[in-house]
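Welcome! Take a moment to look over the sequence and the structure, then use the notes below as a guided tour.

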Amino acid sequence: MNIEISGEDIDELIVTTNKFKKYIDSLEIPGIEQLRSDFDNSKPEIIIEIDRERANREGITTGQIGSEIRTAVLGKEISKYRDGEEQYPIQLRYTETVRKNIDKLMNLKITYRDMTTGLLRQIPLSAVAKVDYTNTYGGIKRKNVKRVITLASNVLSGYNANEINARILISIPAFPHSESTEIKLTGEQEDQQETMGFLSKAMLLSLFFILFIMITQFNSIGKPFIIIIEVIFSVIGVLLGIMIFGMPFSIVMTGMGVVALAGIVVRNGILLVEFTDELIKQGMKTREAIVQAGKTRIMPVLLTATSTILGLIPLAIGFNIDFEGLFVSLSPNIHLGSDISQFFAPLAWTIIFGLSFATFLTLILLPSMYLIMYTGKLKLKRKMRRK
């Protein structure tokens, strides 16, 4: 779980972050291991303050002093070493014993040419500068131009991060803070929202293309519409299955499963509607055609649904076989569960639950809706004739 607190004023941001951290701790939300801030405001710092008046009297500039300190600590490239076609820079700097000793560093000799006399002169750094020890910020992060401090924590085993984030989200409005400071949940919560948004768009786009293709095939709006309703209702089966068996809801894989489920459900619906239309073209009455189509197509629908479900069960339960060991040493090493199965199991269970429920809808709900649509058209035509 991640909580980002952003604002312009860094001092106000630090105070708000500390208060909010104490506020969340006071709520005693179970499952939060320990909130930690990524902001370090006690980083030790050594400041070398230059006496500009003394430096001017000596005939040396602050740029020269800074360059000497940089060369002493970080080094300066004085040449390059060539090995074939490769070149390696040669850095010159003070030894480690001098670089890490501030007293010795302050005694380094600054060599320069006096512009008045033209002579080379040397003065120690301590003659034109002094050392000040202080604390400063370890680093200030920015996001969308604003300064940001992040509070983060791991979630203890046995607890759900979504439930914890939901409780924190409800608690944020009750926390008093200035309008210039923004508090929002990021991390997994933000990723889940982006994923849900993407999958929702993908689902709507797929339904649109399915509807468009079926309209061109049936030359009708009503028949594709009842098939699309069947797809929407099949999602109820997915949610019921997850609730009944107490399975975790994976946004990515469950969402992909729902999108894949739409294609399977539509195929069964098209088979039933198309066969009903064919019987009506042969001169059979609509009600009789619907009943006959259901009787005739019940076995293909059940067989396709059953074969798909049985084919997905090994993936859902993580059924693994070592085929190399089976053919080489007749040792298949069969076992259940794996890291891959934990990733793909929500996808498989989504299609299994949805398809089981959608098969019932295809055989019962779809013929009923077809008949309702037909009788509705007849009533509408009779009203139009009366007018």
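**A friendly tour of the model**

Right after helix α8 comes glycine 246, whose phi is positive, near 60 degrees. Keep in mind as you read that this is a predicted model. The stops on this tour are backbone angles, salt bridges, charged patches and one pair of residues from separate parts of the sequence.

**Helix α8 and backbone angles**

- Helix α8 covers residues 222-245, which makes 24 residues.
- From its first C-alpha to its last, α8 reaches 36 Å, close to the 34 Å expected at 1.5 Å a residue.
- As a rule, most residues other than glycine have a negative phi.
- Glutamate 28 is a residue other than glycine with a positive phi, near 50 degrees.
- You will find glutamate 28 in the loop between α1 (10-27) and β2 (36-37).
- Is glutamate 28 buried or exposed? Its relative accessibility is 68%, so glutamate 28 counts as exposed.

**Salt bridges**

- Side chains of opposite charge can pair when their charged atoms come close.
- How many salt bridges does a search of the whole structure find? The search turns up five.
- In one of them, the side chains of arginine 54 and glutamate 58 meet at 3.3 Å, N to O.
- Arginine 54 and glutamate 58 are about one helical turn apart, because they sit four residues from each other in helix α2 (residues 52-58).
- Glutamate 58 also meets arginine 121 in a salt bridge, with 2.9 Å from N to O.
- This second pair links distant parts of the chain: arginine 121 belongs to strand β7 (residues 120-124) and glutamate 58 to helix α2, 63 residues apart.
- Together, Arg54, Glu58 and Arg121 form a network of salt bridges.
- Within this network, glutamate 58 is buried, because its relative accessible area of 14% is under 20%.
- Arginine 54 is partly exposed at 29%, and arginine 121 is partly exposed at 30%.
- Another salt bridge joins aspartate 277 and lysine 223, whose closest N and O atoms are 3.0 Å apart.
- Aspartate 277 is in helix α9 (residues 251-281) and lysine 223 is in helix α8, so this pair ties together parts that are 54 residues apart in sequence.
- Both aspartate 277 and lysine 223 are buried.

**Charged patches on the surface**

- Which residues form a positive surface patch? They are Lys377, Lys379, Lys381, Arg382, Lys383, Arg385 and Arg386.
- One of these residues, lysine 379, is found in helix α12 (residues 339-386).
- Lysine 379 is exposed, because its relative accessible area of 54% is over 50%.
- A patch of negative charge gathers Glu49, Asp51, Glu53 and Asp132 on the surface.
- Aspartate 132 from this patch lies in strand β8 (residues 129-136).
- With a relative accessible area of 37%, aspartate 132 is partly exposed.

**Far along the chain, but how far in space?**

- Glutamate 12 has its place in helix α1, and its relative accessible area of 27% makes it partly exposed.
- How many residues apart in sequence are glutamate 12 and serine 180? They are 168 residues apart, yet their C-alpha atoms are 9.4 Å apart in space.

Note on methods:
Residues numbered from 1 in each chain as written. Predicted model: local features only at pLDDT ≥ 70, side-chain atom pairs only at ≥ 80, totals over all residues. Heavy atoms only, no water. Helix = DSSP H or I, 4+ residues; strand = E, 2+ residues; numbered from the N terminus. Expected span 1.5 Å × (residues − 1). Patch = residues over 30% accessible without salt bridge, like charges linked within 9 Å, V, L, I, M, F, W, Y side chains within 5 Å. Areas by Shrake-Rupley, 256 points an atom, 1.4 Å probe, with all protein chains shown as cover. Salt bridge = Lys/Arg side-chain N within 4 Å of Asp/Glu carboxyl O. Lys, Arg positive; Asp, Glu negative; His and termini not counted. Charge placed at Lys NZ, Arg CZ, Asp CG, Glu CD. Buried < 20%, exposed > 50% of the residue type's maximum accessible area, 1.4 Å probe, protein only.
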